[in-house]
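Colleague: Before we discuss any interactions, could you put the model up, so that we can go through its side-chain contacts and its burial together?

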Amino acid sequence: MPTWTALTHTTGREAAEALAEAGEDLTPEPVGSGVFEIEDGSNRWEVGLYFTEAPDEVALALLAAAWGAAPFEVSELPEVDWVAHVKRTLAPVEAGRFFVHGSHDADSVPEGAEALLIEAAMAFGTGHHATTRGCLLALDRLVADGFRPERIVDVGCGTAVLAMAAARVFPVVVLAGDIDPQAVDVARANVIANGLDGRVECVEAVGFDHPLIEGAAPFDLVFANILKQPLIDLVPDMARQMAPGGKAILSGILTTQAEEVAAAYAAGGLPLERRDDFGDWSTLVVARA
């Protein structure tokens with residue numbers, strides 16, 4: 001089935017959300033809409049409307065004008081088998097000792113590597129994004145430095161790639177939580193596919209708010225690859241749930257946001273130990289004294 005996208009941008013989140021809501025009344029009706037901040041400090045927001053039949057471009061022009069937005073740019077997307085496409089284009093990722101791959105690259109795992117299998121259909125969070133790769137590299141350095149945590153949790157685990165990586169290198173049960181029940185289902189499937197059933201426990205949780213996670217605290221190692229504001233909101237819980245000498249690997253942070261996040265953690269008693277930038281993204285390691 002062909003798909004059409006109609007994209008515009010406007011100033012301010014409220015205006016963008018109102019425009020997206022108004023767009024849902026168009027005929028033909030869009031099958032979905034999205035609002036995304038353009039991360040350049042301009043307070044501009046992109047609004048996307050998605051259609052399964054050609055949209056009315058006159059109606060789109062009137063809508064943009066009525067809301068003071070830029071003219072919509074309409075594109076027809078070709079029909080693509082996206083999983084097959086990803087299998088062809090998603091190359092394996094090496095991050096220190098870790099090798100993240102799909103089943104189509106199972107024969108290319110280097111000798112001695114810690115292999116992590118994530119299928120192309122579950123590609124978000126495979127390690128191809130700089131934030132996940134940065135966390136894997138940070139973990140690799142901690143292992144090389146002799147850090148040996150006994151209690152580990154991955155907060156906002158997504159595909160559980162970080163939790164699985166930790167389970168590969170530390171002889172402990174790793175906890176993994178995510179607010180999205182679908183993500184938890186994916187994480188559990190990945191754990192089984194990687195032969196780590198019983199080594200990684202996946203639960204639906206908001207931050208540390210789950211009996212299994214709270215009962216296992218305090219943690220020696222915490223992963224939190226989420227977003228800037230949720231990371232900052234997490235500071236009090238992070239400080240309370242980390243053991244003395246514990247470390248947290250944080251990402252999902254633009255380089256322009258890294259200082260603000262690091263300052264919030266330092267103010268909460270978790271000073272910055274290391275920062276690494278990968279393109280537009282930063283990975284931070286903070287520690288509790």
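Modeller: Let us begin with one pair: the side chains of Asp276 and Arg141 meet in a salt bridge, 2.8 Å from N to O, where a salt bridge is a side-chain nitrogen of Lys or Arg within 4 Å of a carboxyl oxygen of Asp or Glu. This is a predicted model, in which local features need pLDDT of at least 70 and side-chain atom pairs count only at pLDDT 80 or more, whereas totals for chains, interfaces and linings use all residues. Residues are numbered from 1 along each chain as its sequence is written, and side-chain values use heavy atoms, with hydrogens and water left out.

Colleague: How many residues apart in sequence are the parts that Asp276 and Arg141 tie together?

Modeller: Helices (H or I, at least four residues) and strands (E, at least two) are taken here as DSSP runs, numbered from the N terminus. Asp276 lies in strand β13 (residues 272–278) and Arg141 in helix α4 (residues 130–144), so the parts that the pair ties together are apart in sequence by 135 residues.

Colleague: Is Asp276 buried or exposed, and which residues are linked with Asp276 in a network of salt bridges?

Modeller: Buried means under 20% relative accessible area, exposed over 50%, and partly exposed in between, with a 1.4 Å probe and protein chains only. Asp276 has a relative accessible area of 15% and is therefore buried, while Arg141, at 22%, counts as partly exposed. The network of salt bridges links Asp276 with Arg141 and Arg274.

Colleague: Which residue meets Asp220 in a salt bridge?

Modeller: Asp220 counts as buried at 13% relative accessibility, and its partner is partly exposed, with a relative accessible area of 32%. The salt bridge between the two side chains has an N to O distance of 3.2 Å, and the partner of Asp220 is Arg151.

Colleague: Where do Asp237 and Arg240 lie?

Modeller: Their side chains meet in a salt bridge of 2.1 Å, N to O; Asp237 is partly exposed at 27% relative accessibility, and Arg240 is exposed at 54%. Because they are three residues apart, about one helical turn separates them, and the element that holds both is helix α9 (residues 235–241).

Colleague: To what count of salt bridges does the rule lead?

Modeller: Side chains of opposite charge can pair when their charged atoms come close. Applied to this model, the distance rule gives a count of nine salt bridges.

Colleague: Why is there no bond between Cys202 and Cys157?

Modeller: A disulfide is a pair of cysteine sulfur atoms within 2.5 Å, and the count by this rule is zero. Cys202 is buried at 7% relative accessibility. Cys157 holds the closest cysteine sulfur to that of Cys202, yet it is too far for a bond, at a distance of 5.5 Å.

Colleague: Within what arc do the buried residues of α1 fall?

Modeller: The buried residues of helix α1 (residues 13–23) are Ala16, Leu19, Ala20, Ala22 and Gly23. Seen down the axis of α1, they line one face of the helix, because the arc within which they fall is 160°, the arc being that of the directions from the helix axis to the C-beta atoms.

Colleague: Which exposed residues does the face of α1 turned away from its buried side carry?

Modeller: On the buried side, what covers α1 includes β1 (3–11), β2 (32–37), β3 (44–51) and α2 (57–66), where contact means heavy atoms within 4.5 Å. The face turned away from that side carries the exposed residues Glu14 and Glu21.
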